Amino acid sequence: MACGPPVGRMRERDQEVRQLAVKRIGVFGGTFDPPHLGHLLLAETIREQFKLDEVLFVPCNEPPHKDREDLTTATHRYAMVVAATLHNPAFTPAAVEVNRPGKSYSIDTLRALAADYGPDVELYFVAGLDSMLQIDSWHEPEALLDSCHVVVVSRPGSSFEKLRDVLPERCHERIVDASGGQEAVETRGLRIYLSDAVYLALSSTELRQRVRSGLGIRYRVTPEVERYIKSHELYQARATEVAS
Ligand code: ATP
């Protein structure tokens, strides 16, 4: 007489064990000019919510959607990301974009990371709702959606409703509501998670303006980032601005 668990249950176990071996990595890209506490809190919240083993902070080389003459060099922005993430062992600065010349397209980054990490890794790409709503203007958007999980984060007051209109219909069944902080980790198939993880009222633009105006940025960035900005005299008013 046959004994042992039925085949169906063994397959489920198999799946479970394989899932335990998979490393889950968040990919959090940005200009980080400079990185602030809003970035860190968002990354930590998402790390907990999606049980990520690691969150990669990926400063871009050239942002594809921002045209800023005063963009701080990639070397400084990368160094500030190193300074910002120093005290969280689960946060890792990644130089994959700063080392790649030209505009930083996320799909190129995800392909490079997938090739580096190999098959036992699941990538969770973190994207703001604002930029997701412009997915049509991204480089190879469909390839991106098919290459990783996506965690879409909304700013307070914005709604996810419009997202369905811009996503290809075949992706609609992949959408999972993970708002309200609920854990929403699925084991099968790529997902597009909607998250309302904390969004502090902070922006890098505001911080650059504060420094330029001689105001402090304490409690808005980590002390290490604050020191880096001071010692490299970043975001200072230009000579012409001072004179006028
Ligand atoms: P800037 O003001 O220069 O446009 P920023 O503060 O929006 O910059 P980015 O480096 O462009 O910072 O942001 C990278 C990512 O961080 C984006 O996906 C954005 O959704 C997220 N983010 C930006 N500001 C906050 C914040 N205050 N709280 C949580 N997440 C944020």
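**Figure 1. Overall view of the predicted model, with its long-range contacts.** Among the contacts in the protein with a separation of 6 or more, 75% are accounted for by residues 24 or more positions apart. The model is a predicted one, and its secondary structure comes to 10 helices and 7 strands. Of the 244 residues in the protein, buried residues make up 31%.

**Figure 2. Close-up of the open sheet and its edges.** The sheet is formed by 7 strands in the order E3-E2-E1-E4-E5-E7-E6, with parallel pairing. Strand E3 (91-93) and strand E6 (175-177) stand at the edges and have a single partner strand each, so that one side of each is left without a neighbour in the sheet. Direction ignored, neighbouring strands of this sheet are turned against each other by 25° on average.

**Figure 3. Close-up of the E6 and E7 pairing, and of the helix that packs on the sheet.** Strand E7 (residues 192-195) runs parallel to E6 and is joined to E6 by 3 bridges; Val 176 has Tyr 193 as its bridge partner in E7. Helix H2 packs on the sheet, where H2 touches strand E1 (23-30), E2, E3, strand E4 (121-128), strand E5 (149-153) and E7, and the direction of H2 makes about 160° with that of E1.

**Figure 4. Close-up of the shell around the ligand.** There are 15 residues around the ligand, and those that come nearest are Gly 30, Gly 38, Gly 128, Ser 204 and Thr 205. Two or more residues of the shell are given by each of helix H2 (37-49) and helix H8 (204-212), and the largest share, 3 residues, comes from H2. By residue class, the shell around the ligand divides into 6 nonpolar, 8 polar and 1 charged. Helix H2 thus appears in this view as well as in the preceding one, since H2 both contributes to the shell and packs on the sheet.

**Figure 5. Close-up of Asn 61 and its surroundings.** Asn 61 has its place in the loop between strand E2 (54-59) and helix H3 (74-85). Asn 61 counts as partly exposed because 19 C-beta neighbours lie inside 10 Å, whereas a residue is called buried if 20 or more other C-beta atoms lie within 10 Å of its own. Leaving aside residues up to four places away in sequence, Asn 61 touches Ala 74, Glu 97, Val 98, Arg 100, Pro 101, Gly 102 and Ser 104. Computed along the chain, Asn 61 and Leu 71 are 10 residues apart in sequence, and from C-alpha to C-alpha they are 10.0 Å apart in space.

Definitions and conventions
Residues are numbered from 1 along each chain as its sequence is written. This is a predicted model: local features need pLDDT of at least 70, side-chain atom pairs count only at pLDDT 80 or more; totals for chains, interfaces and linings use all residues. A residue is near a molecule or strand if its C-beta atom, placed from the backbone, lies within 6 Å of it. Helices (H or I, at least four residues) and strands (E, at least two) are DSSP runs, numbered from the N terminus. Ala, Val, Leu, Ile, Met, Phe, Trp, Tyr, Cys and Pro count as nonpolar, Asp, Glu, Lys and Arg as charged, and the others, Gly among them, as polar. A residue is buried if 20 or more other C-beta atoms lie within 10 Å of its own, exposed if 12 or fewer, and partly exposed in between; C-beta atoms are placed from the backbone. Two residues are in contact if their C-beta atoms, placed from the backbone, lie within 7 Å. Two strands pair if DSSP finds at least two bridges between them. Axes are lines fitted to C-alpha atoms, for helices over the stretch in contact, and angles run from 0 to 180 degrees between N-to-C directions.
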